[in-house]
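Student: I've got this one open and want to talk it through. Let's just start somewhere and see where we end up.

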Amino acid sequence: MIENTEVVVVGGGYAGVMAANRLTRRDDVTVTLINPRPTFVHRVRLHQLVGGSDEAVVDYGEVLGERVRLLVDAVARIDATERGVTLASGGTVGYDYLVYAVGSHSAAPSVPGVAELAYLVATLEEARQLRPVLADAPAAAAVTVVGAGPTGIEIAAELAEGGRTVTLVCGGVLGPYLHPRGRRAVAGRLARLGVTVLDGPGASVTTVAPDAVHLADARELPSAVTVWTVGFGVPDLAVRSGLSVDDLGRLRTDETLTSVDDDRIVAAGDSAAPSDQPLRMSCQAAMPLGARAADTVLSRLAGEQPGALRLSFAAQCLSLGRDAGVFQFADRSDVAVPFHVGGRLGARLKESVCQGIPKLLADEARKPGTYRLHRVAGGAARRRHLVRAAPGQARST
Ligand SMILES: Cc1cc2nc3c(=O)[nH]c(=O)nc-3n(C[C@H](O)[C@H](O)[C@H](O)COP(=O)(O)OP(=O)(O)OC[C@H]3O[C@@H](n4cnc5c(N)ncnc54)[C@H](O)[C@@H]3O)c2cc1C
């Protein structure tokens with residue numbers, strides 16, 4: 001019988017904070033959360049940071065349980081054999097269990113000129129770098145947002161609402177996730193904000209130059225500030241640590257979120273790849289995954305079989321400036337359905353989601369075990385079907 005169990009949570013985003021808080025359900029578990037910053041980043045508001053309507057940070061004191069020790073540092077390597085992590089500052093921390101929740105960042109750009117000349121927005125530091133650049137740019141300067149997934153759409157709308165001249169280069173379809181009706185609603189709002197939307201096969205950027213972008217169909221667009229929002233990548237910590245990862249570098253796990261290499265390591269959030277099945281990188285998934293990862297550790301400590309991941313997506317919610325939004329509903333397989341809520345009501349729904357996230361984390365901090373969305377029936381059947389369809393990739397527990 002173990003007297004005290006040391007759990008190290010690597011990464012203090014939505015998944016890591018949820019997991020850390022939940023693990024304090026047991027008095028004989030000591031939780032250390034390792035994160036490079038002393039404040040919690042509310043990433044789903046980073047486009048607002050760029051637009052100037054929010055700082056996108058929350059004091060950890062508001063969302064982290066009192067029994068969680070916050071260690072401000074980064075993990076440089078995980079040694080699964082020795083059950084310890086090496087910190088970027090040079091020290092080491094041992095663990096009995098480790099929660100891998102290092103999240104995501106901008107995908108490594110492969111288009112010439114992006115790395116040197118474009119601005120990224122997927123992390124706090126990137127968003128903070130862009131804000132003063134926009135503030136210093138003349139009001140009429142052409143701003144090009146590249147990528148028309150949720151991040152690109154939200155940034156384009158936010159900047160246009162603030163009076164900027166914005167062109168959104170889609171690289172294909174506007175909002176690929178959206179149902180055609182939801183897409184029409186987004187396109188209508190962007191048009192009203194004065195955003196020029198370039199979509200279709202030729203509308204992909206081939207080069208970023210100092211004051212222009214070049215498109216595949218030979219068009220050249222003047223661009224004083226180019227914002228690159230094309231895709232997420234993940235930190236390479238798992239790769240560097242010799243752990244099994246998928247093509248993107250996410251830690252491969254089974255349906256209990258246990259690493260396929262080591263049952264003392266569980267993963268959650270954007271940096272987890274459960275059963276190699278598609279999983280939208282999102283806050284919407286990160287919190288249930290964080291809760292599931294904690295429950296898996298708690299089950300093992302209780303000598304019980306951990307449960308499988310249950311994950312039901314309900315929607316994708318987009319803010320389109322401060323006054324409008326589109327709440328695109330989805331089925332349980334995460335496919336958009338014809339129904340959406342738009343306009344001011346859509347904006348209010350999105351805002352209530354953004355306000356609700358720190359509240360859910362705070363509730364879990366105050367009363368560990370409160371969060372239950374990862375136990376909602378529905379997603380489990382669909383995942384079981386997917387895992388059965390790809391046998392051999394999931395490990396049984
Ligand atoms: C502008 C924008 C808007 C978005 N809007 C939405 C939305 O409306 N809805 C939605 O569902 N999703 C949205 N997302 C996506 C969402 O923010 C991410 O999917 C979510 O943050 C993933 O949560 P996470 O806990 O896995 O990782 P993160 O929130 O990225 O947290 C990971 C943490 O781990 C830390 N870390 C990394 N490496 C190490 C290391 N080596 N050692 C220690 N710590 C480390 C990071 O610094 C970070 O603090 C948006 C993203 C952006 C950029």
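Student: How many bridges are there between S15 and S16, and in which sense do they pair?

Tutor: S15 and S16 are antiparallel and share four bridges. Pairing here takes at least two DSSP bridges between the strands, and the strands are DSSP runs of E with at least two residues, numbered from the N terminus. Before we go on, it's a predicted model: local features need pLDDT of at least 70, side-chain atom pairs count only at pLDDT 80 or more, and totals for chains, interfaces and linings use all residues. Residues are numbered from 1 along each chain as its sequence is written, and side-chain values use heavy atoms, with hydrogens and water left out.

Student: OK. Which residue of S16 does Thr-207 stand opposite?

Tutor: That's His-214. The link from S15 to S16 is a hairpin through two residues.

Student: And what comes after S16?

Tutor: Strand S16 (residues 212-215) goes on to pair with S17, antiparallel again, over three bridges. In that pair, Ala-212 has Pro-222 of S17 as its bridge partner. S16 and S17 make a hairpin with four residues between them, and Ala-218 in the turn has a positive phi of about 75°.

Student: What do S15, S16 and S17 add up to?

Tutor: An open sheet of three strands, in the order S15-S16-S17, with antiparallel pairing. Strand S15 (205-209) and strand S17 (220-222) are at the edges with a single partner strand each, so one side of each has no neighbour in the sheet. From one strand to the next, the twist averages 20°; the axes behind angles like that are lines fitted to C-alpha atoms, for helices over the stretch in contact, and angles run from 0 to 180 degrees between N-to-C directions.

Student: Remind me, what holds strands of a sheet together?

Tutor: Backbone hydrogen bonds, in either a parallel or an antiparallel arrangement.

Student: New spot, then. What's the strand order in the sheet with S6 in it?

Tutor: S6-S7-S8, an open sheet of three strands with antiparallel pairing. S6 and S8 take the edges with a single partner strand each, so one side of each lacks a neighbour in the sheet. Direction ignored, neighbouring strands there are turned by 20° against each other on average.

Student: How many bridges join S6 to S7?

Tutor: Four, between strand S6 (residues 75-79) and strand S7 (residues 84-87). Val-75 sits opposite Leu-87 in S7. Their hairpin has four residues between the strands, and Arg-83 takes a positive phi near 50° in it.

Student: And which residue in the hairpin of S7 and S8 has a positive phi?

Tutor: Gly-90, with a phi near 115°; that hairpin has four residues between its strands. S7 and strand S8 (residues 92-94) are joined by three bridges, with Val-85 partnered by Val-93 in S8.

Student: Let's do the ligand. Which residues are closest to it?

Tutor: Ala-15, Asn-35, Arg-43, Asp-270 and Lys-350, out of 35 residues that surround the ligand. The cut-off for being near is a heavy atom of the residue within 4 Å.

Student: What polar contacts does it make, say with Lys-350?

Tutor: A ligand oxygen is 2.8 Å from a side-chain N or O atom of Lys-350. Polar contact here means a pair of N or O atoms within 3.5 Å. On the backbone side, a ligand oxygen is 3.0 Å from a polar atom of Tyr-14, and one is 3.1 Å from a polar atom of Ser-282.

Student: How much of the ligand's accessible area does the protein cover?

Tutor: It covers 90% of the 1000 Å² the ligand has on its own, using Shrake-Rupley with a 1.4 Å probe.

Student: Which element gives the most residues to the shell?

Tutor: H9, with three. For helices, the DSSP runs are H or I with at least four residues.

Student: And what's the shell like by class?

Tutor: It has 19 nonpolar, 11 polar and five charged residues. Asp, Glu, Lys and Arg count as charged; Ala, Val, Leu, Ile, Met, Phe, Trp, Tyr, Cys and Pro as nonpolar; the others, Gly among them, as polar.

Student: Which domains feed into it?

Tutor: Domain 1 (5-104 + 234-389) and domain 2 (108-228) each give at least three residues, with the bounds coming from an automatic or database domain assignment.

Note on methods
A polar contact is a pair of N or O atoms within 3.5 Å; within protein, one must be able to donate a hydrogen and the other to accept it, and residues adjacent in sequence count only if both atoms are side-chain atoms.
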